[in-house]
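Open the model in your viewer and keep the selection tool at hand. The stops below are given in the order in which to select them.

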Amino acid sequence: MIQIYGTPRSSAGRCYLMLEECGLTYEAIALDMMKEREHKSEKFLKLNPNGKVPCLIDNGFVLWESAAIVFYLAEKYKPELLGADAKEKGLVHQWSYWTMTEAQPPLVDILIQKIFVPEGKKDLALIARREQQIPGILDILEKSLADKKYLVGEKYTLADLMVGSPVNVAKAMQMSLAGTPNIQAWFERIKSRPAWQKVSQLRGEH
Ligand SMILES: N[C@@H](CCC(=O)N[C@@H](CS)C(=O)NCC(=O)O)C(=O)O
């Protein structure tokens, strides 16, 4: 039995993509993070001491951190998504670390400030600073996709799943992707996968 804590619209989204990609049956557990603050409850902190979602339980094995969860699921259920050889695996890791340390943090800061922080309390300087980083991130992605279908060549890998999540956040915030035809074509390609379609539906995107 597999359980995933957190909704598909949260950082757990990429775990749902991976669970669907692997064709697994799972139980989705949504915590009340606003009123009840269940993610900070004693019970949940025993699972994830960070008090954050996602958290995965696979037959009693507990794992937190979304990137670790998707790598674990790939290793166990769909290893071909990890890359075919040492070089491909290296590139999958490269794009995954890049997502977590470079591409995602500015987008998450902008999302939190714009959507969750109430008017009057928003850190406008932080928003401006983070928005300045976005063109450079898109440029790296756009150039990397100039000569290939996917980030690591001709096949979909975890690199695409990892990088696709913050790009989805950018799209959801209606950030302009003008002037990035390679990113747009790649994103349409990955969005058409059944796993992405299913998670998009779970998120209420269509
Ligand atoms: N690096 C973590 C980030 C998890 C994260 O920030 N989750 C947010 C929801 S999107 C959360 O649980 N926030 C609650 C809090 O910070 O108290 C991961 O990727 O799993």
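## A tour of the pockets, the ligand and two backbone details

Begin with the second largest pocket, whose lining comprises four nonpolar, two polar and three charged residues. This is a predicted model. To display that lining, select Glu80, Leu81, Gly83, Ala84, Glu88, Val152, Lys155, Tyr156 and Thr157. The volume of this second largest pocket is about 150 Å³.

**Stop two: the largest pocket.** Select Arg9, Ser10, Ser11, Leu111 and Phe116, which of the 39 lining residues lie nearest the centre of the largest pocket. Its volume is about 1500 Å³. Colour helix 1 (13-21), helix 4 and helix 6 next, as these are the elements that give two or more residues to the lining of the largest pocket. Which helix gives the most to this lining? Helix 4 does, with nine residues. Coloured by class, the lining of the largest pocket shows 18 nonpolar, 13 polar and eight charged residues.

**Stop three: the ligand.** Now show the ligand, which takes up the space of the largest pocket. Select the residues around the ligand: Ser10, Ser11, Met33, His39, Lys40, Gly51, Lys52, Val53, Pro54, Glu65, Ser66 and Met100. Ser10 and Ser11 belong to this shell, and both are also among the residues nearest the centre of the largest pocket. By class, the shell holds four nonpolar, five polar and three charged residues.

Three distances are worth drawing here.

- From Lys40, draw a line between a side-chain N or O atom and an oxygen atom of the ligand; the distance is 2.9 Å.
- From Val53, use a backbone N or O atom, which is 2.8 Å from a nitrogen atom of the ligand.
- From Glu65, use a polar side-chain atom, which is 2.8 Å from a nitrogen atom of the ligand.

With a surface switched on, how much of the ligand's accessible area does the protein cover? On its own the ligand has 510 Å² of accessible area, and the protein covers 69% of that.

**Stop four: the peptide bond after Val53.** Stay with Val53, which is in the ligand shell together with Pro54. Is the peptide bond from Val53 to Pro54 cis or trans? This bond is cis, with omega near 5°. To place Pro54 in the fold, select helix 2 (42-47) and strand 3 (55-58); Pro54 is in the loop between them.

**Stop five: Arg37.** Move to the loop between strand 2 (27-29) and helix 2, where Arg37 lies. Check the backbone of Arg37: phi is positive, at about 50°, although this residue is not a glycine.

**Stop six: the cavity.** Finish with the interior. How many cavities of 30 Å³ or more does a search of the whole structure find? The search finds one. The largest cavity has a volume of about 120 Å³. Select Leu107, Ile137, Leu138, Pro166 and Val167, which of its 14 lining residues lie nearest the centre. Then colour helix 4 (86-116), helix 5 (124-144) and helix 6 (158-172), each of which supplies at least two residues of the lining of this cavity. By class, the cavity lining has 13 nonpolar residues, one polar residue and no charged residues. For contrast, go back to the lining of the largest pocket, where eight residues are charged.

Key:
Residues numbered from 1 in each chain as written. Predicted model: local features only at pLDDT ≥ 70, side-chain atom pairs only at ≥ 80, totals over all residues. Heavy atoms only, no water. Near = heavy atom within 4 Å. Polar contact = N/O pair within 3.5 Å; in protein donor to acceptor, adjacent residues only side chain to side chain. Areas by Shrake-Rupley, 256 points an atom, 1.4 Å probe, with all protein chains shown as cover. 1 Å grid on protein atoms, 1.4 Å probe; cavity = no way out; pocket = protein on both sides within 12 Å on 5 of 7 lines; lining within 4 Å. Sits in = over half its atoms within 2 Å of the grid points. Nonpolar A, V, L, I, M, F, W, Y, C, P; charged D, E, K, R; others polar. Points joined across faces, edges and corners; volume = space filled by probe spheres on them. Helix = DSSP H or I, 4+ residues; strand = E, 2+ residues; numbered from the N terminus.
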